[in-house]
Structures are given as structure tokens and as C-alpha cells.
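Subject: Structure handover

Hello,

Here is the structure you asked about. My notes on it follow below.

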Amino acid sequence: MAYNHGIRVKENATSLSKPVTGMAALQVVFGTAPVNLAADPYGVTNVLVKVETFEDAYKKLGYSDDFSKYTLCQSMDACFRVLNVAPVIFCNVLDPKKHVKDNEESEVTVASKQAVIKVDGILLDTIVVKSGESTLQANTDYVTSFDDNGYAVITLVTGGAGDAATTLKVTSKSIDPSKVTESDIIGGYDTVTGKETGCELVRHVYPMFNMTPGLLLAPGWTQNQNVAAALELKTDNINGYFKASCIVDLDTHTATKYTDCEAQKKSKALTSPNTIVVWPMAKVGDKKYYYSALYAALIAYVDASNDDVPNLSPSNKLIGVTAAVLEDGTEVTLDTQQANVLNSVGIVTLLNDAGWRTWGNNTACYPENTDPKDRWICCRRFFSWWGNSFILTYKEKVDDPANFRLIESVVDAENIRGNSYVQQGKMAGAKIEYSEQDNPIEDVLNGKIQFYQHIAPYTPAEDIINVLEFDPTMIKNALSGGAE
């Protein structure tokens with residue numbers, strides 16, 4: 001041990017601040033992760049993983065800045081480093097038993113009893129090490145780990161068979177994200193095993209975590225029409241009654257300018273009020289993200305900072321990006337008029353106006369559907385959230401006697417709840433009622449009762465106009481000293 005005499009300073013890495021938390025916009029993200037770096041590489045394929053911090057994500061799923069290969073990492077970075085919001089549920093579809101490739105044998109140099117294999121994606125349990133013609137035994141002659149770059153490190157054990165080796169011959173296998181297809185993301189149901197994969201796992205979120213999905217996304221994949229359609233389909237009737245929204249990216253390979261976007265949106269038949277369409281991509285420093293990853297994190301942050309109530313529009317909010325870009329890195333610069341063209345056809349974009357901001361209030365159903373509850377993103381999400389909350393609050397009353405006490409308890413509780421949000425300025429009004437007209441005796445005898453509820457979240461002040469008029473009498477009064 002070193003002998004110290006004097007005064008010293010040590011520095012620790014900067015700790016990330018605790019994320020803000022919220023459930024209204026619970027993100028469920030589908031994609032690929034560098035699972036070879038995970039604590040259990042073979043146990044996180046087509047499994048829903050709840051994550052609270054960046055360190056938690058790294059441990060459970062692995063992390064890489066190579067967002068094009070490992071698409072889940074975009075949302076990890078966006079949620080925990082850019083916006084700092086949690087929790088997030090991830091579903092990795094990369095299977096280290098299926099999406100894998102063999103690496104050629106290579107010779108590595110040993111320095112201070114360590115050798116680094118500079119190959120991406122290595123699965124540690126597949127490494128075979130030879131010293132000369134002798135095959136070394138893992139955990140006896142050497143141990144393996146990863147360095148900060150994600151490369152496998154072989155550390156020779158003192159007294160082991162390769163103790164004196166200066167070079168080693170190594171073979172291994174690596175995960176291969178290029179083998180993951182849209183079918184893996186979309187997933188399905190195996191009638192033989194009864195197992196579900198990919199987007200089908202949306203319905204497992206509530207049974208597993210007692211949380212309702214708020215936002216569904218698959219950055220790096222939803223520019224594909226089939227994936228977008230699959231995700232859109234999953235937003236309605238989750239578990240038979242819940243609703244969510246999904247965020248879909250347009251393909252910046254084909255939509256290279258803002259005037260290309262409407263045609264692509266139409267060709268992909270993106271018309272659901274539960275869908276939010278975004279374009280283009282974005283950069284934060286040198287990192288390039290699909291906009292959906294950042295936009296979803298921003299929505300979650302806005303909700304969490306607003307008492308977990310989704311009444312605020314996610315438009316015109318600073319999002320922390322440094323550029324809007326296409327896939328090839330070409331920067332996109334829009335002025336307000338151009339951005340408004342996209343908004344007019346139901347597409348959310350980015351606008352640099354005293355900082356990069358989200359820009360757009362319309363869901364994908366606009367302009368064909370102008371119903372306020374469907375058209376406006378904040379209203380559509382509020383309706384879905386309110387309905388989900390009603391179900392979660394009163395499901396315990398299912399199968400209770402259908403008597404006056406049950407009816408009164410629901411009406412009173414909902415009106416109190418609504419009045420509370422009205423007083424907070426989070427909605428214009430809320431009222432629930434039970435009427436005999438809506439509940440004929442035949443329905444009651446068959447176990448059915450129905451309430452009728454009016455709710456009115458505020459619409460966004462999207463178009464603010466100040467009418468200016470020249471008033472010559474003011475000139476006259478000024479010149480006459482104010483006298484008539």
C-alpha cells in the first residue's frame with residue numbers, strides 16, 4: 001500500500017440527478033439492446049423490463065451509443081440523460097441464441113496478464129482461449145469481463161495454464177443485430193408454447209406491473225409501415241379496456257424535405273387519433289436519434305412535472321436537441337410557415353425558435369377528423385388517461401350489489417375528482433350522472449349499469465391573434481396636447 005503524507009484530492013464521476021417519475025405517459029419501447037453486456041444476456045429476450053435509472057438499464061439490458069444497431073439505447077439515453085424521466089418499460093427482441101454470428105479466430109496480445117478482444121457484441125460464455133495448442137479453462141486459467149468500450153477482456157489467472165503467455169488465440173460468437181427483422185419487432189403468438197413476442201407483449205404490461213401503457217414506440221423501426229401499423233393496432237382495447245398512444249417516425253430516406261411528408265403519411269395509412277406522427281430525426285451533440293425517442297421522453301417529462309396529469313400540450317416545449325437531421329446527417333431547417341404545413345396534415349416536427357422546440361398539436365387523424373377529443377394530442381391523451389383511471393379506480397366495485405349505494409359512491413367520487421382538477425386549472429369541467437333512462441330494468445337485471453360523464457380538457461391555444469389598427473385620433477390628440 002502506498003505511503004501518504006500531505007494533502008490530496010480525489011474526484012468522483014458526476015452522479016446523475018434522480019429522474020422525475022410519472023405514470024400517465026408510461027413508455028413501452030420495443031427494439032434491440034446490446035444484451036451481451038447485460039447481467040443475464042439470455043434472460044432478456046421478449047421480456048418486459050422495467051427500468052428506473054440509466055444504471056438500471058445498463059445492468060439489465062446493456063448500453064451502447066451505436067443507436068443504429070441497438071435501437072432501445074436511444075430511449076435509454078433520451079429518458080435518463082437528456083430529459084431525466086422514469087420509469088420506462090423496455091422490450092428487447094434481439095435473441096442471443098438466434099441473432100448471432102461466429103467470429104474468426106484472432107490473436108491478441110497479453111499485457112500485464114490482460115488481453116482485449118476488439119470485437120463488438122461478444123458473448124462472454126462463447127469465448128474459447130488457446131495458449132499455443134492448449135485450450136485454457138474459463139474461471140480456472142482466466143476470467144472474462146468487459147471494458148468501458150464494451151470489448152471483452154481476458155485476464156489470466158496467476159498460476160493458471162496460460163500464466164506466462166504473451167499472446168492468445170481466441171474464437172467467439174457475437175450478437176448480430178442486423179439479423180433482427182420487422183417480424184421480430186411485430187412479434188406474435190406461438191400456439192404451441194403459448195408465448196407471445198414483440199408488440200404482442202403490450203398486454204402483459206398491466207398484469208406484470210399494475211401500470212397502464214401510456215406511449216408505445218419503437219424508434220428505428222416505426223418508419224417501416226408494417227411495424228407502424230402493428231403498434232397503432234395495439235393502442236386500443238389493451239387488456240380489453242385500456243387505451244394508449246403510439247409515436248411513429250416517418251422515413252427520412254424517402255421524406256427528405258417537408259413537402260414529402262404528407263404523401264408518406266397517407267401511403268402508410270396513419271389516420272388513428274391514437275397515433276402521433278413525427279418528422280424528422282434529431283441530434284444531441286454527435287448522437288443521432290429517431291425523433292420518437294426524444295418526443296416520448298419529453299411527453300413523459302411534461303406529464304410528470306404536471307402532477308402526472310396529461311392535460312398540457314407537448315408542443316412548443318424546449319427538447320434539448322442541437323439539430324434536426326435526416327438519416328444521412330443532413331441538417332433540416334424549417335421556419336414557422338414550413339413547420340405549420342406539417343402541422344396542418346397531422347405531423348409533429350421540430351422548430352428552432354430561441355432553442356429547439358417540439359412543434360405540433362395534431363394527432364394523425366387530422367385533418368380528416370376534427371373532433372377536438374381526437375384531433376388534439378393533449379385532449380386525446382387526456383381522454384385515454386381519464387378512461388384508464390376510471391377503470392383502475394372502480395374495478396374493485398365490479399360484482400358488488402348494483403344498489404343505490406354503489407351508484408352514489410361512483411357519482412360522488414367522480415364529481416369530487418373532476419371538481420378538484422377544475423380548481424387546479426387542469427380542465428374546464430367534469431360531471432358524471434346516472435339516469436334511469438340509460439339504465440332500463442332489463443339491463444340492470446342482466447348485471448349492467450351505465451354512467452354518463454362529460455369531461456372537457458382545455459384545447460391548446462394554438463393560434464393567438466392580436467388585431468392591430470392604426471388610430472389617427474391618437475395622433476390628433478397627441479399634437480393638440482390631449483385637448484378635444
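A residue is called buried when its relative accessible area is under 20%, exposed when that value is over 50%, and partly exposed in between. Arg381, at 6% relative accessibility, therefore counts as buried. Please keep in mind that this is a predicted model.

Overall picture

The chain has 484 residues, and buried residues make up 47% of them. Its secondary structure consists of 13 helices and 22 strands. Along the principal axes, the C-alpha trace spans about 100 × 80 × 60 Å. If we take contacts between residues at least 6 apart in sequence, 69% join residues at least 24 apart.

Salt bridges

There are 18 salt bridges in the structure. Three of the pairs are described here, along with a network.

Arg381 pairs with Asp303, and their closest N and O atoms are 2.5 Å apart. Asp303 belongs to helix α7 (residues 291–304) and Arg381 to helix α10 (residues 377–394), so this salt bridge ties together parts that are 78 residues apart in sequence. Asp303 has a relative accessibility of 2% and so counts as buried, as does Arg381 at 6%.

Arg380 has a salt bridge to Asp374, with an N to O distance of 3.0 Å. Arg380 counts as buried at 4% relative accessibility, and Asp374 counts as buried at 9%. Elsewhere, salt bridges with shared partners join Asp65, Asp77, Arg81 and Lys287 into one network.

Are the partners in the salt bridge of Lys69 with Asp66 buried or partly exposed? Lys69 has 37% relative accessibility and counts as partly exposed; Asp66, at 28%, also counts as partly exposed. The closest N and O atoms of this pair are 3.9 Å apart.

Helices α1 and α2

Helix α1 covers residues 54–61 and helix α2 covers residues 72–82; their axes come within 9 Å and cross at roughly 155 degrees. Angles over 145 degrees count as roughly antiparallel, so α1 is roughly antiparallel to α2. On the α1 side the contact involves Phe54, Ala57 and Leu61, and on the α2 side Met76, Phe80 and Arg81. Sorted by class, the residues in this contact are 5 nonpolar, no polar and 1 charged. Arg81 takes part in this contact and also belongs to the salt-bridge network mentioned above.

Nonpolar cores

Which residues have the most contacts inside the largest nonpolar core? They are Phe30, Met76, Phe80, Phe90, Trp279 and Tyr295, in a core of 92 residues. Helix α7 gives the most to this core, with 10 residues. A second core, separate from that one, has 15 residues, including Val108, Ala115, Ile127 and Val129.

Met76 appears both in the α1–α2 contact and among the residues with the most contacts in the largest core. Apart from neighbours within four places in sequence, Met76 is in contact with Ala33, Phe54, Ala57, Leu61, Gly62, Tyr63, Arg81 and Phe90.

Helix α13

Helix α13, residues 472–479, is hardly covered: the number of buried residues among its 8 residues is 0. Gly481 follows α13 and has a positive phi, near 75 degrees.

Regards

Technical notes: Residues are numbered from 1 along each chain as its sequence is written. This is a predicted model: local features need pLDDT of at least 70, side-chain atom pairs count only at pLDDT 80 or more; totals for chains, interfaces and linings use all residues. Side-chain values use heavy atoms; hydrogens and water are left out. Axes are lines fitted to C-alpha atoms, for helices over the stretch in contact, and angles run from 0 to 180 degrees between N-to-C directions. Helices (H or I, at least four residues) and strands (E, at least two) are DSSP runs, numbered from the N terminus. Angles under 35 degrees count as roughly parallel, over 145 as roughly antiparallel, 65 to 115 as roughly perpendicular and the rest as oblique. Contact means heavy atoms within 4.5 Å. Ala, Val, Leu, Ile, Met, Phe, Trp, Tyr, Cys and Pro count as nonpolar, Asp, Glu, Lys and Arg as charged, and the others, Gly among them, as polar. A salt bridge is a side-chain nitrogen of Lys or Arg within 4 Å of a carboxyl oxygen of Asp or Glu. Buried means under 20% relative accessible area, exposed over 50%, partly exposed in between (1.4 Å probe, protein chains only). A nonpolar core is a set of buried Ala, Val, Leu, Ile, Met, Phe, Trp, Tyr and Cys residues joined through side-chain atoms within 4.5 Å.
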